[in-house]
Amino acid sequence: MKLVVFISFIIISHHMVNAGVQILSKSKLEKCERSSDGPLNCTSKIVINMAVPSQASGKEASIVARVDEVEEKSDDTIKTLRDPPVITVYKSAAYALYDLTYIRDVPYKPEEFHVKTRKCESHAGANIVGQCVSLRDDQGRVIEHTQPTCCPCGKWRRVPSSCGNFFNKMRKGKVNTAHCLRFPGDWFHVFGIGQHSVGFNIRINVKTGLKTTEVVIGPNNRTATSLDNFLRVNLVGDFVGYNSIPSFEDFFLVIPRQGGQGQPRDLGRNFSMWMLLERVRFTLDGLECDKIGVSYEAFNNQPGFCSAPQMSCLHNQLWNFWDADQNRIRRNQPPLYDVLGRFERINEHPNAGSHSFSIGITEVVNSNLLLELKADDIEYVYQSPGNIVSIAVPTFEALTQYGIATITTNNTGGVEAAYSLTFDCSRGVNPMEEQFFTMKPGHLVSRYYKVQPTSDQAAKYMCTAILKDSDFKETDRAECQFTTTATVLDNGTQLPWEPPKSDGIKGYFESVESFWHALWEGMVDFITGKTCRMKCSSFFDLGCHMRHICMTWLLLFGLFLAIFPTVILLLWLLHETGLFDPIYDWWQDNFWDDEQKMQHIINQRPDEWNKRHKKKSRHHTDGTHKRQRQQKGVSQEPRHTHSERHHHVKRDKHKPERIKDGSFTDHPLYVNKGENVTEDKNKYSRHDDRTTKAVNKHGHVKSDDTHHKHYRSKRKT
């Protein structure tokens, strides 16, 4: 029987940044006899082939994987493990390790000294040549080539000096200078650098139930087996070679001297003074000028010693390179020689000593691991149907809190089975991770999800929960809705509380002022509806606005409802004022036939003529005009003023039909209509011929009125 193992990755540690575990191929449940060396104590084993990446930042990378399911090749069925093994892998930061070979010690800053004298000789004492006197060893013997070099006076000498006058030369001797090389400063160790090797440690921890097994492997220990023979791990190698590891075979490592001269026991931690310099900058025998490690012999035997400038043969020393790097650093430029500014994690490898040094590797490279687990006691969980019983998501405030979605599921089958549950929401909610769990038959299991919206506004969201069996086939689906309230911005307590200052009457007025200020802000908030806009998601959310008593919303909603009757009333008033009469006339002239116009006039004219007759009757029966004429003693026919005539013949602008020239029988509709038209005229007018007037457009009596013509003629006579 062969089983294919499936890996599900449940945790990625916060240390892991750039990559996660990768399964390279389908691993199988194999027989333990297939292992050639060091077989496990088992009859079958789970073989897992995985890639473990390193951490670029130099921290430990940790990952967790879990073996959840296996596939049986005989019937191609997938079975879920009842107690899945959890594999935790810790990989330390990778580093490049270099072997060191001690070369020699060199001075940090050689210096040249000179003394002006008159009797300079190589064997002269300190009373003549001062500090340039020959050096001696512990046994009192003179160190070779440490004696001073004498140069005559003169303007063009190593140190320009005056030779004095003739009498001083005869009396005191000729002026000259003594020159010597000394090493008063620090000394440094010089190491040769060999080839590099990559170093790291991988710790594998496997937990099955209450049992935990652990092994540690690395480049120097590629295969390891646990003490209980449950776990065996093999480091196959790295997939891709490192490209960022530098080679220092042509460089020397220079570090400050630790203790005395010779091979140090420890390299120290003063990394700021560590430098990597090319081999050509050094002289190993000290016989070359202007190189690191120059000796007394090279200084004294340089050609043209007295005519050469001072400090000749002492250039390109350690202090020159260190000062050059410091100048670059001050200009925000990377150093050229200092180790500290060029590399990371210097000499942090385990068991660091004086024979090796290391630098951190920032390149991410995957290591190939082959894990073998004992699989004799594998137990499986079978498939079973299930359903979603309920989904509950209470309302919560957006952003400041997260909602808790509680999903209750039920195993409706007859065996214990594994399930997976997903909870996906509409846009605006952060995605949630799928959950895996097992359920016994007939048992209810509640799963919880943290719901985190991305908006701070009140809104409604739609979510879907999907329940799948161990074969990842959907068994049930359910939908739900939930709402969020808007985020209430509150800076909280950011300053320490201070008791109110009471300054007598001033403190009293301040408290009154703060009270009225708070009251005013509350009224402004109530009127403007700021709180309602934050808590209510929609303008038409009637329940929310009524619950919070949003005055602004009530006013706007009332205005919205008042628009319809206001528009109707406005149209009616415009109709009454006759604004639409031209439209009526245009409609009748273009779309009505003669019969429709005739019928409309017959239906509308009786009321108009009755109203006019009543007004005229009341006006003429009134004895006001007669009494006025009697009082004035004037006997004449009734005379109407312009306003009275306008009153009599005022047009009804509210009627759509207009009759011009004082008689509706003159309208074209009444031409050739016979006696019926005349009878209608007599019926509705009820006036004699004296009061019949023709009305022009402005309602004035026309000049051809017979009655008024007669009245004017009488006045003239």
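**Reading cores, strands and salt bridges**

Q: Does W520 count as buried or exposed?
A: W520 counts as exposed, because its relative accessibility is 56% and the cut-off for exposed is over 50%. Keep in mind that this is a predicted model. W520 sits in helix α5, residues 505-528.

Q: Which residues form a nonpolar patch on the surface?
A: Start with the general idea. In soluble globular proteins, nonpolar side chains tend to be buried together. Now the case here. F515, W516, L519, W520, M523 and V524 make up a nonpolar surface patch. Together they have about 660 Å² of accessible area.

Q: How many residues has the largest nonpolar core, and which have the most contacts inside it?
A: The largest nonpolar core holds 47 residues. Those with the most contacts inside it are I87, V89, I204, L253, W274, F357 and L369. Strand β4, residues 44-52, gives the largest share of this core, with 4 residues. Another core, of 22 residues, lies apart from it. Its members include I388, L421, V429 and V451.

Q: What is L369 in contact with, leaving aside neighbours within four places in sequence?
A: L369 is in contact with I48, N49, M50, V52, V89, I202, I204, I217, V233, N234 and L235.

Q: How many residues of strand β13 are buried?
A: In β13, residues 202-208, 5 of the 7 residues are buried. That strand is mostly covered.

Q: Which strand pairs with β13 over 6 bridges, and in what sense?
A: That is β7, residues 86-91, and the pairing is antiparallel. To check the register, take T88: its bridge partner in β13 is N205.

Q: Which strand pairs with β13 over 7 bridges?
A: Strand β14, residues 211-217, does, again in the antiparallel sense. Here V206 stands opposite T213 of β14. The hairpin of β13 and β14 has 2 residues between the strands. In this hairpin G209 takes a positive phi near 65°.

Q: Which residue other than glycine has a positive phi near 55°?
A: The background comes first. Most residues other than glycine have a negative phi. N229 has a positive one, near 55°. N229 is in the loop between β15 (223-225) and β16 (231-238). N229 is partly exposed, at 30% relative accessible area.

Q: Where is R345, and what is its phi?
A: R345 lies in the loop between α4 (318-330) and β19 (356-360). Its phi is positive, about 50°, although R345 is not a glycine. R345 counts as buried, because its relative accessibility is 14% and the cut-off for buried is under 20%.

Q: How many salt bridges does a search of the whole structure find?
A: Again, the idea first. Side chains of opposite charge can pair when their charged atoms come close. The search finds 9 salt bridges. In one of them, D105 meets R257 at 3.1 Å, N to O. D105 is in strand β8 (95-107) and R257 in the loop between β17 (251-256) and β18 (275-278), so the pair ties together parts 152 residues apart in sequence. D105 is buried, at 5% relative accessible area, while R257 is partly exposed, at 26%.

Q: What ties R232 and E372 together, and where do they lie?
A: Their side chains meet in a salt bridge, 3.5 Å from N to O. R232 lies in β16 and E372 in β20 (367-374), so the pair joins parts 140 residues apart in sequence. R232 is buried, and E372 is too.

Q: Are R477 and E474 buried or partly exposed?
A: R477 is partly exposed, at 45% relative accessible area. E474 counts as partly exposed at 44%. Their side chains meet in a salt bridge, 3.0 Å from N to O.

Key:
Residues numbered from 1 in each chain as written. Predicted model: local features only at pLDDT ≥ 70, side-chain atom pairs only at ≥ 80, totals over all residues. Heavy atoms only, no water. Core = buried A, V, L, I, M, F, W, Y, C linked by side-chain atoms within 4.5 Å. Buried < 20%, exposed > 50% of the residue type's maximum accessible area, 1.4 Å probe, protein only. Contact = heavy atoms within 4.5 Å. Patch = residues over 30% accessible without salt bridge, like charges linked within 9 Å, V, L, I, M, F, W, Y side chains within 5 Å. Areas by Shrake-Rupley, 256 points an atom, 1.4 Å probe, with all protein chains shown as cover. Salt bridge = Lys/Arg side-chain N within 4 Å of Asp/Glu carboxyl O. Pairing = 2+ DSSP bridges.
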